[in-house]
Amino acid sequence: MKENELPKTVVQGKWFFAHRRVAHELGVRLGEEVGYAIRFEDRTSEKTCIKYLTDGCLLRESLSNPELKQYSVIILDEAHERSLNTDILLGLMKRLVRIRSSNLKVLITSATLDGAKVSSFFSNCPVLTVPGKLFPVEVLYSSESSTSYLESSLKRALDIHIREPPGDILIFMTGQDDIEKMVSKLEEKVLSLEEGSCMDAIILPLHGSLPPEMQVRVFSPAPPNCRRFIVATNIAETSLTVDGVVYVIDSGYVKQRQYNPATGMYSLDIVQISKVQADQRAGRAGRTCPGKCYRLYPSTVYHEDFLDVTIPEIQRSSLAGTVLYLKSLDLPDIDILTFDFLDPPSRESLGDALKQLYLIDAIDESGLITDVGQRMAELPLEPSLSRTLIEANELGCLSQALTVTAMLSAETSLLPTRRKGTEKKRKHPLSDLPDGSGWGDHIQLLQIYEKWDQANYDPQWCIENDLQVRGMKFTKDVRKQLCQLMQKMAEGPLDVQSNRKQKESGQAYRRLRKALCTGYGNQLAERMIHHNGYRTLGYKSQLAQVHPSSVLEMDEDGCLPDYVVYHELITTSRPFMRNVCAVEMSWVMPILKKLEKLNVNKLSGGSSITEENEPRVVEPLGSPKNDAVVSKAPDNLDSRIQAARDRFLARKSKK
DNA sequence: GAGCACTGC
């Protein structure tokens with residue numbers, strides 16, 4: 001193959017081994033004519049004609065090169081998964097095919113995405129259908145909805161094991177807890193079966209927080225006369241393909257994260273799956289031979305209750321990062337409120353994003369991106385964290401802030417999988433951390449990483465201290481990447497520095513907390529007067545409490561700090577702030593002042609963000625209550641500020 | 001006093 005014979009092609013999606021295979025079939029070395037790029041690894045060269053990359057990487061590329069001029073064919077793979085990034089790319093592609101109609105071809109591939117809908121989105125482009133190679137799957141419904149899908153799955157699995165011919169069983173559950181319960185119940189029941197009455201059994205859990213060596217166990221096929229039970233989350237729905245599965249048991253539920261723009265709060269809920277998801281799960285039974293799918297719900301539930309398709313992520317997420325990204329592209333013909341999404345997010349959600357960005361100085365009061373915002377968009381971080389880095393650079397604590405943001409990027413994968421009996425480890429994973437972690441979780445995360453640095457990044461150290469090796473390595477990679485990106489603007493050293501002297505670290509921690517306060521200007525909370533509950537300080541106040549896993553300390557009176565910033569506000573059993581950090585009132589006041597001036601219609605570039613068909617009396621951002629908060633903000637804030645000052649002075653005089 | 005599904009810029 002000679003250079004330039006092939007059109008420069010870029011393939012976005014989950015390509016797994018595709019790039020290796022294509023390189024192999026073309027008889028070329030991977031990294032030359034056929035290359036790939038993922039976050040921490042770019043294996044392409046000048047010779048590269050076909051480049052595989054992730055959606056995030058393609059978005060990064062279009063940041064510096066919005067017309068993607070180096071490519072003549074762009075393939076968006078797995079578009080049906082509707083990830084946030086894929087949806088942004090779909091919108092950008094629509095614009096690109098318009099302005100590059102003569103020299104660009106875009107191909108969108110999807111297993112289940114509604115072809116007609118995508119075709120009409122792309123000005124009625126042609127739809128090609130490639131038949132799949134799946135075997136037929138018989139779908140069997142339960143006669144009624146079960147009260148406990150755990151019990152029903154257990155019963156169904158054993159029934160299959162006893163009565164049905166060989167073939168592995170894949171059971172879809174919602175989370176780690178259920179999976180662990182299910183695995184131990186299955187083990188118990190299988191052991192109690194009469195010896196020789198049926199095949200042997202291997203029972204395997206499968207979920208995201210399982211260490212990789214445990215995950216790969218599902219790739220080894222069952223030994224002869226042995227049936228595997230794979231108890232999985234929806235990781236087995238799309239991300240991992242398990243061969244040998246003939247029977248699928250589908251609970252009909254999934255654990256899903258969603259964002260409420262009216263409250264600024266996430267929740268993690270167990271919800272019904274969509275028809276597309278149910279069909280995807282069933283399809284997992286027909287990969288190697290005809291299979292069976294047992295749905296633990298009646299067919300009426302499937303037909304009448306299930307949504308046709310899963311709500312795309314873009315309608316379930318906070319859009320601050322997305323809006324900032326689009327604004328930073330600075331495309332003259334793109335207005336964020338009218339940006340052409342395949343499924344547009346609500347105006348409320350866009351309005352929320354604009355307000356958040358304004359509070360952290362990423363856009364000005366008329367909605368234009370600021371210099372700060374432009375620099376933030378260059379960093380592969382959520383806006384709060386990129387803002388923190390920029391502020392930390394000004395305040396001379398960039399090296400510490402780099403560590404904290406990197407740790408938070410990996411936060412959910414830092415903790416080990418829970419083991420029975422050793423559950424209370426989180427509070428003090430390291431007994432000999434220096435003072436200062438009482439200021440909050442961010443400081444503790446910093447101290448943990450500094451300890452690991454002192455231990456020369458020894459994986460064994462992670463294990464001894466109950467931290468996931470994978471998560472810590474990810475942190476290290478992120479930190480390195482952020483260092484490279486910050487190099488140009490950095491004011492001070494970037495390497496991990498542990499302040500050995502108590503006094504120095506105290507000052508560094510205070511600067512860091514100040515930077516965090518600026519970065520999380522959209523995620524502030526104020527403690528209630530008589531107890532340790534908090535309310536969020538935004539355009540709409542929410543009651544929340546510090547998550548019990550937090551290391552934030554109380555003062556000698558048993559009070560938590562008056563003001564905190566939080567990394568995440570999420571309702572599980574109750575509304576919780578996760579990863580909080582104490583901040584000072586004097587840092588908070590300017591942000592509250594800014595909140596007073598906030599006018600969301602102006603932020604959206606003058607165009608009213610009010611729904612068109614609604615009477616004008618209706619509040620711009622939804623509920624009347626919310627409107628009241630918006631329009632009366634100055635009064636509320638002034639009194640709030642006054643009250644806070646009084647409290648502060650009262651406390652001071654007491655001491 | 002609670003306990004997070006999935007990715008991976």
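This short talk goes through a helix and its surroundings, the protein surface around a DNA strand, and a few single residues.

Before I start, please keep in mind that what we are looking at is a predicted model, and that every value I quote is computed from it.

Let me begin with helix α10, which covers residues 320-329 and has 9 of its 10 residues buried, so that the rest of the structure largely encloses it. The buried positions are A320, T322, V323, L324, Y325, L326, K327, S328 and L329, and you will notice that a lysine, K327, is on that list. If you ask which elements cover these buried residues, they include α2, at 55-64, and α3, at 84-99, together with α11, at 347-359, α12, at 371-377, and α13, at 383-395. Just after the helix comes D330, and its phi is positive, near 55°.

Now to one of those neighbours in detail. Two packed helices are described by the angle between their axes and by the distance between the axes. For α10 and α11 the angle is about 75° and the axes are 8 Å apart, which means that α10 runs roughly perpendicular to α11. On the α10 side the contact is made by A320, V323, L324 and K327, while α11 contributes L350, A353, L354, Q356 and L357. Sorted by class, the residues in this contact are 7 nonpolar, 1 polar and 1 charged.

Let me turn to DNA strand B. How many residues surround DNA strand B, and which are the closest? There are 32 of them, and the closest are R39, G208, P548, T572 and R578. Of the atoms of DNA strand B that come within 4 Å of the protein, 62% belong to sugar and phosphate.

Three individual polar pairs are worth pointing at while the structure is on the screen. At G208, a polar backbone atom is 2.3 Å from a phosphate oxygen of DNA strand B. At K255, an N or O atom of the side chain is 3.0 Å from a phosphate oxygen of the strand. At S409, by contrast, the partner on DNA strand B is a base nitrogen, and a polar backbone atom of S409 is 3.0 Å from that nitrogen.

As for where this surface comes from, the elements that give two or more residues to it are α2, β12, at 253-260, and β19, at 575-583. The largest share, 3 residues, comes from α2, and α2 is also among the elements that cover the buried residues of α10. By class, the surface near DNA strand B divides into 8 nonpolar, 15 polar and 9 charged residues.

I will finish with a few single residues, starting with C226, which lies in strand β10, residues 226-232. Its relative accessibility is 13%, and C226 therefore counts as buried. Setting aside neighbours within four places in sequence, C226 is in contact with M199, D200, A201 and I202. The C-alpha atoms of C226 and D168 are 8.8 Å apart, although 58 residues separate the two along the chain.

Is N225 buried or exposed? With 55% relative accessibility, N225 counts as exposed, and its place is in the loop between α7, at 212-215, and β10. Phi of N225 is positive, near 55°, in a residue other than glycine.

The last one is S123, in the loop between α4, at 115-121, and β7, at 137-141. S123 also has a positive phi, near 45°, without being a glycine, and at 62% relative accessibility S123 counts as exposed.

Note on methods
Residues numbered from 1 in each chain as written. Chains lettered and ligands numbered in written order. Predicted model: local features only at pLDDT ≥ 70, side-chain atom pairs only at ≥ 80, totals over all residues. Heavy atoms only, no water. Buried < 20%, exposed > 50% of the residue type's maximum accessible area, 1.4 Å probe, protein only. Helix = DSSP H or I, 4+ residues; strand = E, 2+ residues; numbered from the N terminus. Contact = heavy atoms within 4.5 Å. Axes fitted to C-alpha atoms, helices over the stretch in contact; angles between N-to-C directions. Parallel < 35°, antiparallel > 145°, perpendicular 65-115°, else oblique. Nonpolar A, V, L, I, M, F, W, Y, C, P; charged D, E, K, R; others polar. Near = heavy atom within 4 Å. Polar contact = N/O pair within 3.5 Å; in protein donor to acceptor, adjacent residues only side chain to side chain.
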